[in-house]
Each structure stands twice: as structure tokens, then as C-alpha cells.
Amino acid sequence: MKTKNYWFALKSYAYVEFKEKNMLIYDTKHGDRIETAQEKVITLIKEMYEPNNLGVIPISNELQSDPYIRSFIQEIINKEMGDLMDTEHFPNKPIRLIPTLSLQKDIDRHIEYEDKVAFIGKDISKYLTEVNVYLNSICDKSCKHCESYCKQIHCCSTNNPSTELPIEQVRNLLEQLRYSPVNTINLYGGDILSYSYLNELQLLASSYPKTLHFYIHHKNYRENEFVDSQLLELIITFPMDGNHFHELWKQIKDKQSKLHFIVEDEQQYNDSARLINEYNIKEYSIHPYYTGENIHFFEDNIFLNKEDIFYKALQMREIFRNQKLNSNSFGTLYVLPDGTVKANMNTAVLGNIAEDDILNIIYKELIENTAWRTIRNSHPCDQCIYQFMCPAPSNYERAIGKNNLCHIIN
């Protein structure tokens, strides 16, 4: 670096996260990053982010003589995360656009400046992308974790006393969703094949433009012309009887189906992998389940480290998204057999489809934020420079009772 005066700026694809004593500069184009706790360097970049500086600051001879500053700027240039501009060639201060989060349709702005009618009038139905409907809570299989599976993953569930969602309410709900952007409608039980109004539901589906996903526990599955004509999501829990699975696979292998293996430990994971390989299963997912006693399984296989966070380049919009909404929950509603509606199976009731239309329920969730906009703003994530690089909080955090599922910060 010659002893000249320069303008210094970061590239527009560089994301910066400041914390009390450290800083992260992340290249959203190539995936490189620089972390530092050097106070002089942090102060330098903070100056760049002052509104009056417009993303560009001068680098004088005095600053160039500081070894920390000189080394830092050289690293920025070597990694193509920023550049120096000779003031002789650029006598007038350049401008460099700094990426900032500015959502013109940010929900908080609507809450502050617009009334409910105006807000709903802006077609907030577009926020709804997935609806999960529990048609009944009837089942006689008595799975060990029956009432808890659904609080972590997509799964059937029962409760006492058993209830059923009236077909009139199902019809009303489907009509409200008919022309909406919702692209996924999941149906669950209990034992969904014991739903009293299954024939009536078939008539509704015959003229319905959206395909239905039927989530059925493998112990409850039996061939049904209507259900088998839709998308079959088969739930597999362990222990699994090998002969039963063999017969089950013969029934479903040629149907539109996907298998969901729920695993609690390494052995169940290995059993799942064996079945997937042995039967050449193409469509499947493996879902860890927290029992309250298998924290080591989660620490070894689910908790994140730095390599997990940065295994691929994160785009700027992903990072900004994590600052505003929860990608695991946003756009999802759950309708229970008694008609009550939640944004997450672990959160408060938002309304009831017997009394409230979907737009009002969406509006309530956007305002009250029981799940859709839950982000990593709690301790210790709020002290971590990877705060918004990590995936959004999930149901696992709720189940385990820990805000961060990582090995990075306690």
C-alpha cells in the first residue's frame, strides 16, 4: 500500500454484523468471512456505516501506518470484499450503497400507520402458504409420544375427549383457500381414515383445485381409493416390525407417497437408513424427535457449529429475512379438530374457523406474532455475531427449552 490518500469501501455484497466486542464481515457472493475483535478496525467500519459517509471513508497516511488497519484493509482487498480508490483519480468522494434492511411493506409499519381494514385490504392472504388441518383426534394405537410428536414435527395426534372437525367447517375453510396462494394443505388425524365425513370430503376434493396431503401413521394405513389418489405422507415411528413394513411397502410403493421417519437415537437413524436402502425409497425425510432424555443425540447430530452455518454461501436476502421473520413458521396455520387455529402447535390460539375468517386470523398473527416473526433476538443469540446467519428458531428450541442449539456460544 503506497503512502497516498485513498477512499475505502466494502463491496455491496458484504454484510456486516457488529456486536459489543467483535465484528463479522461476510461475503454473500463467495462465502468468505472476516472476524475481528480489534477495536480500531471495528471503529473504522462503524465510521463507514455512519449515514453521512455514504459507505465510503478516507484512509489517510496516518491510518495506513497503523499495522492493524493496514493488515485488515489488505485482507479485505485480497478477499475481494472491498477496495481502495486513489483520491488522485477520484477527487470527489464516491458513494457506495450499503446493504440495509428496508421493507416497504414491513408489518410493523402497517401496525403503526394503518388501520385494520386498510391492512387486510392489501391482500394479506398472500402471506399464507401452508394450512394444516386436524380432522379428528380418534386413534387406538397409543404411541408412546403421541401427544408430543406434533409439537416438533408434522405428525398425527390425539386428545381426550376425542373430537372431529365438522364437514361444514372443512368446506368453509377450503372455499376460503380455493383462490388463495396457499400451495400446501396437509390433513391429519388421529386416525384420519376413521374420519366420519371422509366420503363427504372426497366429494369436496373432486372439484377442488389443490392436491391434499394426507399424513397417516403407518400403523393406521389401509388402502383407500380417495386417500391414495392424493399425496400420501406416511409417518414411520420405531420400534418398527419388519414384516409389517414389508407388507406396507408393497401397498404404497407405486402410489404418490413420501415416508417420514421419526428417530430418537443413532440406532433408529441407522434402521431408517437401512430401510431406505433396502427398499430403494426415493421420497423420504428423517426427523429427529426430542424425548426429554436424548439431548446427547441432539448435541451430536443437530446442534450447529461454525462449519454447519457456513457450509454454503448465504445470500443477503436470507440474512435479512432472518432479521424479520421465522422461515420455519411464517405463513403456516394449524386448524385443530375443535376448530381452533394456531400459528404453531406450541403457541396460543388465534381464533376459531367456526367464527373467524382466515383473513382475520392472518391479521391477528401478523399483529400479535405468536410464531411467524419469532427470530433470534433472545440471549445468547443476541450477543453472537452469527445471530442472523443461523437458521430461524424451530420447535426443537421450544421442546429442549434452549434458545440456541449450537456449540458456539453458551
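## Exercises on helices, sheets and buried residues

Helix α7 passes helix α8 in a right-handed crossing. Keep that pair in view, and remember as you work that this is a predicted model.

**Exercise 1. The pair α7 and α8**

Work out how α7 is oriented relative to α8, and which residues of the two helices meet.

*Solution.*
- Step 1: Find α7 at residues 167–177 and α8 at residues 198–206. Their axes come within 10 Å and cross at roughly 15 degrees.
- Step 2: Angles under 35 degrees count as roughly parallel, so α7 is roughly parallel to α8.
- Step 3: Now look at the contact. From α7 come Ile167, Val170, Arg171 and Leu174, and they meet Glu200, Leu201 and Leu204 of α8.
- Step 4: Sort these contact residues by character: five are nonpolar, two are charged and none is polar.

**Exercise 2. The pair α1 and α3**

Describe how α1 and α3 are placed relative to each other, and name the residues through which they touch.

*Solution.*
- Step 1: Helix α1 spans residues 39–48 and helix α3 spans residues 67–78; they pack at an angle of about 60 degrees, with axes 9 Å apart.
- Step 2: That angle makes α1 and α3 oblique to each other.
- Step 3: The crossing of α1 past α3 is right-handed.
- Step 4: On the α1 side, Lys40, Val41, Leu44 and Ile45 take part, and they meet Tyr68, Ile69 and Phe72 of α3.
- Step 5: Six of the contact residues are nonpolar and one is charged, with no polar residue among them.

**Exercise 3. The three-stranded sheet**

In what order do the three strands of this open sheet stand, and which of them are at the edges?

*Solution.*
- Step 1: The order is β5-β1-β6, with antiparallel pairing.
- Step 2: β5 and β6 each have a single partner strand, so they stand at the edges and one side of each has no neighbour in the sheet.
- Step 3: Ignoring direction, neighbouring strands here are turned by 30 degrees against each other on average.
- Step 4: Zoom in on one pair. Strand β1, residues 6–10, is joined to β6 over five bridges in the antiparallel sense, and Leu10 stands opposite Gly82 in β6.
- Step 5: Bring back the helices of Exercise 2. α1 lies across β1 and β5, at about 85 degrees to β1, while α3 lies across β1, β5 and β6, at about 110 degrees to β6.

**Exercise 4. One residue of β5**

Decide whether Ile57 is buried or exposed, and list its contacts beyond its close neighbours in sequence.

*Solution.*
- Step 1: Ile57 sits in strand β5, residues 56–59.
- Step 2: Residues under 20% relative accessible area count as buried. Ile57 has 1% relative accessibility, so it is buried.
- Step 3: Setting aside neighbours within four places in sequence, Ile57 is in contact with Tyr6, Trp7, Phe8, Leu44, Glu47 and Met48.
- Step 4: Take Trp7 from that list. Trp7 and Ile57 are 50 residues apart in sequence, yet their C-alpha atoms are 5.6 Å apart in space.

**Exercise 5. The nine-stranded sheet**

Trace the nine strands of the other open sheet, find its edges and see which helices lie on the strands.

*Solution.*
- Step 1: The strands run in the order β12-β11-β10-β9-β8-β7-β13-β14-β15, and the pairing is mixed.
- Step 2: β12 (284–288) and β15 (351–352) are the edge strands; each has a single partner, so one side of each is left without a neighbour in the sheet.
- Step 3: For a parallel pair, look at β10 (residues 231–236) and β11 (residues 257–263), joined by five bridges. Here Leu234 stands opposite Leu259 in β11.
- Step 4: Return to α7, which lies across β7, β8, β13 and β15 and runs at about 175 degrees to β7.
- Step 5: Helix α11, residues 266–278, packs on the sheet too, touching β11 and β12, and its direction makes about 160 degrees with that of β11.

**Exercise 6. A loop residue and a helix**

Is Ser125 buried or exposed, and which residues of helix α14 are buried?

*Solution.*
- Step 1: Ser125 is in the loop between α5 and β7. Its relative accessibility is 16%, so it counts as buried.
- Step 2: Apart from neighbours within four places in sequence, Ser125 is in contact with Pro181, Leu359 and Ile362.
- Step 3: In α14, residues 316–324, the buried residues are Met316, Glu318, Ile319, Phe320, Asn322 and Gln323.
- Step 4: Their cover includes the strands β2 (14–18) and β3 (23–27).

Technical notes
Residues are numbered from 1 along each chain as its sequence is written. This is a predicted model: local features need pLDDT of at least 70, side-chain atom pairs count only at pLDDT 80 or more; totals for chains, interfaces and linings use all residues. Side-chain values use heavy atoms; hydrogens and water are left out. Axes are lines fitted to C-alpha atoms, for helices over the stretch in contact, and angles run from 0 to 180 degrees between N-to-C directions. Helices (H or I, at least four residues) and strands (E, at least two) are DSSP runs, numbered from the N terminus. Angles under 35 degrees count as roughly parallel, over 145 as roughly antiparallel, 65 to 115 as roughly perpendicular and the rest as oblique. A crossing is left-handed if the near helix is turned anticlockwise from the far one by less than a right angle, and right-handed if clockwise. Contact means heavy atoms within 4.5 Å. Ala, Val, Leu, Ile, Met, Phe, Trp, Tyr, Cys and Pro count as nonpolar, Asp, Glu, Lys and Arg as charged, and the others, Gly among them, as polar. Buried means under 20% relative accessible area, exposed over 50%, partly exposed in between (1.4 Å probe, protein chains only). Two strands pair if DSSP finds at least two bridges between them.
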